[in-house]
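These are my notebook entries on a structure that I opened today, kept in the order in which I looked things up.

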Amino acid sequence: MKKDPAFRQQLRTRQLRGRSFSVLFLMATLTGILVLTVLLVDVLRDGIGWLDWQFITSYPSRKPDEAGVLSALFGTLWVMVLTALFSLPVGVGTAIYLEEYAPDNRLRRLIQTNINNLAGVPSIVYGLLGLSLFVQALALGRSVLAGALTMTLMSLPVIIIAAQEAIRSVPQAHRLGAYALGATCWQVVRHIVLPSALPGVLTGSILAMSRAIGEAAPMIAISALVYLTFIPTSIMDRFTVLPIQIFNWVSRPQAEFGNLAAAGIIVLLVVLLSMNATAIILRNRYQRRTEE
Amino acid sequence: MTMKVRESIPSPRRVRRQNPLGERGIQGLLLACALVSIFTTIGIVVMLVVQALGFFRSVSIIEFLSGTKWTPLFQPQHFGVLPLVGGTLLTAGIAILVALPVGLASAIYLSEYARDRVRRAVKPLLEILAGIPTVVYGFFALTFVTPLLRNIFPSMIVFNALSAGLVMGVMIIPMVSSLSEDAMMAVPRSLRDAAYGLGATRLEVATRVVMPAAVSGIVAACILALSRAIGETMIVAIAAGSTPKLTLNPLESIQTMTSYIIQVSLGETPHGTVEYYTIFAVGLLLFVMTLLMNLFSQWFVRRYRERY
Amino acid sequence: MADGVAALETRNLELWYGGFRALRDISMAIPRTQVTAIIGPSGCGKSSLLRCFNRMNDLIPGARVVGEVLFDGRNIYDAGVDATEIRYRIGMVFQKPNPFPKSVFDNVAFGPRVNGMDDNLEEMVERALHRAALWDEVKDRLRRSATELSGGQQQRLCIARALALEPEVILMDEPCSALDPAATLKIEDLMRSLAGDYTIVIVTHNMQQAARVSDMAAFLMMEEDRAGILVEYGPTSRLFTNPKDKRTEDYITGRFG
């Protein structure tokens with residue numbers, strides 16, 4: 001039975017099946033990367049010719065040759081900075097509360113479950129919340145502030161989850177060491193937990209915010225489709241952002257606007273890429289320091 | 001004596017000593033931060049329900065949920081949401097048909113086949129894929145995928161469910177893949193060893209031991225990805241059209257719940273009209289659908305968590 | 001061997017993990033249908049050696065074997081030998097019971113199923129469970145999850161799972177280290193009852209266990225370069241009563257390890 005030729009034959013078939021599937025699995029893994037490459041090439045091919053200084057420094061225009069992303073670029077930067085100002089303290093505060101302060105009771109579990117669920121709420125629903133709460137109920141109008149507050153609510157769950165992970169990675173022994181010296185909870189957080197968790201917190205938060213910045217849907221609900229030929233100078237000004245501007249251009253039938261959209265996408269990707277690069281540099285610097 | 005010493009060692013949570021006012025003030029502040037998320041949820045629910053009530057004063061909930069015509073923006077008005085739900089499920093369904101096999105296969109590759117070095121090279125690339133803004137995917141669907149597909153299906157309409165669904169599928173591949181991979185990596189090595197020791201090939205170990213053992217995580221990943229596809233907005237708003245239609249034909253133009261909300265947000269629909277309130281009724285339905293799916297996936301993981 | 005028929009034989013076996021040599025110059029012949037114990041202090045490469053016998057080390061990136069392991073007249077490391085077939089013919093039981101999170105029946109049926117022996121599955125499963133002295137305890141719960149069994153039952157299930165393939169050799173890697181004394185005793189009885197039909201190789205850190213169950217014993221030790229070597233190999237009774245090597249004597253009298 002052990003030298004059964006049928007078994008050998010069958011084993012060859014099994015091995016062949018295994019090898020074919022491993023090729024299939026590899027191809028599946030490469031699918032995403034292939035599409036990513038095609039997408040980037042497509043965008044570059046359509047847009048790079050339209051990307052010049054004039055494009056960066058001009059306002060939108062009905063004439064494709066004169067159109068640019070100035071107001072959208074500044075709008076995006078405004079929203080980005082304000083969102084960071086609001087969401088970082090609240091997000092990190094929540095994470096600290098959940099990880100260091102909250103006793104393991106129903107309130108903590110409720111908050112945690114609630115955060116997990118909020119992370120799964122579609123972005124457009126945040127847009128509707130922003131529209132009725134900030135734009136209308138609080139009468140902020142279609143302002144930068146309303147936009148940034150909406151972005152804040154949307155990016156908070158992701159920031160909190162990232163910050164919690166960073167805080168959790170601080171060794172328990174460090175905390176116990178400080179407690180043993182008579183430190184209070186806040187002293188432990190302030191002097192032990194935060195310094196070593198901060199790079200991780202920042203990295204996670206920046207990545208979370210870069211996701212939010214690329215979102216067009218909630219901003220369209222807040223800002224509608226505007227044709228702005230000025231840069232916001234206060235938080236109560238109307239604004240537009242890059243994703244909205246890109247959407248606007250994509251929706252027009254003329255081919256030139258398609259090129260403008262592609263050029264706009266390149267600008268947006270550069271903004272996001274530099275945010276990601278910052279996050280990665282932070283992470284690397286942090287890792288090097290812990291190795292020393 | 002020893003008992004006393006033991007009691008005085010603080011447990012890491014819950015130490016409140018010295019400078020009670022400051023400590024307590026800080027704790028209150030942090031709690032306030034944590035409550036923001038609770039208020040966000042309450043805000044979403046109250047806002048959606050209150051505004052949707054404005055809609056349901058004019059339209060019965062039965063007509064909304066069972067009507068098969070959706071024409072709120074022109075006469076004669078019909079408020080049957082099914083065409084939007086149908087369009088949403090059609091595009092999300094196409095997306096899952098793409099993302100499920102590809103994402104799972106790539107998860108198997110990454111967890112069972114790939115060397116560490118390959119994994120470290122591939123995963124950041126998949127993260128980039130997940131980080132591409134949806135408006136970019138929409139652009140790609142409309143200006144690249146649609147013309148490509150129109151060579152194959154000449155009858156296809158420019159704005160169609162297929163392109164949007166396919167590209168959306170690519171967008172959620174990283175989600176399916178990374179969540180499933182996490183679930184598979186959590187399967188202990190000892191189970192793999194046992195299967196190899198019985199003469200299983202790598203493929204048999206992956207499909208007969210690792211995948212069944214990780215099934216709760218894999219199912220949860222798929223539900224989350226489906227929920228993400230249902231809530232996805234910009235790809236469909238750009239590439240799938242704005243023709244609410246109950247159809248299974250992916251070559252046709254359709255409209256999803258999300259792209260309808262975008263369509264109304266773009267126009268200057270007067271505040272307070274029934275047309276304006278439609279977006280909240282649709283938004284409420286969307287919120288309930290995705291919430292139920294997310295809750296279901298969490299429950300599923302808890303209920304069917306494997307004990308190894 | 002006296003009759004010259006070894007179930008497994010290693011010749012100048014070396015095992016490398018990347019640039020680290022874990023085993024050096026192991027030459028031993030394991031007799032058929034007897035129990036051979038591999039003993040030695042922890043970290044000396046006992047388990048690594050055991051895993052050379054069914055090419056489990058193939059699964060560790062960077063692991064490499066030099067020398068020969070003869071099984072059925074062939075070197076199992078020759079090109080053209082399929083590791084899967086080797087593992088099908090040489091069963092293995094691991095340190096911690098590792099039943100699949102499936103039913104008792106599906107656990108035992110796993111090997112026959114993947115290796116395409118699906119006819120008479122019920123009968124095969126029952127025979128294997130009888131052989132592993134587990135049948136009476138599980139016959140009414142074949143469809144229930146194997147993870148509900150006690151640790152000792154789980155380990156006997158893992159033995160039954162290996163037996164279902166009718167292997168020629170069964171490798172056991174410290175099979176009792178996670179079990180209580182009562183469960184250990186049952187496994188030891190089982191091993192004795194299996195010897196005679198099967199060749200068994202067991203790694204153990206427990207000297208009394210080696211003395212109780214094995215016919216042959218091999219003593220491994222770590223050299224200064226941290227590579228494991230075979231110090232002494234012979235009949236268990238002789239090795240334990242009259243060791244030839246000073247280091248073996250020191251170890252079995254408990255002077256180190």
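**Entry 1: chain C against chain A**

How much area is buried between chain C and chain A, and what part of it do carbon and sulfur atoms give? Working from a predicted model, I find about 1,000 Å² buried between chain C and chain A, with carbon and sulfur atoms giving 46% of that area. On the chain C side I noted C:Glu85, C:Tyr88 and C:Asn115 as the residues that lose the most area to chain A, together 37% of what that side buries. I then listed the residues in contact, and found 15 residues of chain C set against 9 residues of chain A.

Next I looked for charge pairs, and the count between chain C and chain A came to 1 salt bridge. The partners are A:Arg8 and C:Glu85, whose side chains meet at 2.8 Å, N to O; C:Glu85 is thus also one of the three residues noted above for the area they lose to chain A. Helix H2 of chain C, residues 83-89, gives the most to the side that touches chain A, with 4 residues. Sorting the residues of that side of chain C by type, I get 5 nonpolar, 3 polar and 7 charged. For polar contacts between chain C and chain A, I count 5 residue pairs, with both residues at pLDDT 80 or more.

**Entry 2: chain A against chain B**

I turned to the contact between chain A and chain B, where about 7,000 Å² is buried and 74% of it lies on carbon and sulfur atoms. The contact draws 85 residues from chain A and 80 residues from chain B.

Which residues form the salt bridge here, and how far apart are their closest N and O atoms? I find B:Glu204 paired with A:Arg14, with the closest N and O atoms 2.8 Å apart, and the count between chain A and chain B is 1 salt bridge. Polar contacts between chain A and chain B come to 9 residue pairs, again with both residues at pLDDT 80 or more. On the chain A side, helix H1 (residues 5-47) gives the most to the surface that touches chain B, with 20 residues. By type, the residues on that side of chain A divide into 53 nonpolar, 22 polar and 10 charged.

**Entry 3: the fold of chain B**

I read off 13 helices and 0 strands for chain B. Is the chain spread out or compact? Its radius of gyration is 25 Å, whereas the globule rule gives 19 Å for 308 residues, so I record chain B as more spread out than a compact globule. The C-alpha trace of chain B spans about 85 × 65 × 35 Å along its principal axes. Buried residues make up 55% of the 308 residues in chain B, and of its contacts with a separation of 6 or more, 71% come from residues 24 or more positions apart.

**Entry 4: the fold of chain C**

For chain C I noted 10 helices and 10 strands. The radius of gyration of chain C is 18 Å, which agrees with the value near 18 Å that a compact globule of 257 residues would have. Its C-alpha trace spans about 55 × 45 × 35 Å along the principal axes. Of the 257 residues of chain C, 57% count as buried, and among its contacts between residues at least 6 apart in sequence, 67% join residues at least 24 apart.

Key
Residues numbered from 1 in each chain as written. Chains lettered and ligands numbered in written order. Predicted model: local features only at pLDDT ≥ 70, side-chain atom pairs only at ≥ 80, totals over all residues. Heavy atoms only, no water. Contact = heavy atoms within 4.5 Å. Buried area = accessible area lost by both parts, 1.4 Å probe. Salt bridge = Lys/Arg side-chain N within 4 Å of Asp/Glu carboxyl O. Polar contact = N/O pair within 3.5 Å; in protein donor to acceptor, adjacent residues only side chain to side chain. Helix = DSSP H or I, 4+ residues; strand = E, 2+ residues; numbered from the N terminus. Nonpolar A, V, L, I, M, F, W, Y, C, P; charged D, E, K, R; others polar. Rg over C-alpha atoms; globule rule 2.2 N^0.38 Å. Buried < 20%, exposed > 50% of the residue type's maximum accessible area, 1.4 Å probe, protein only.
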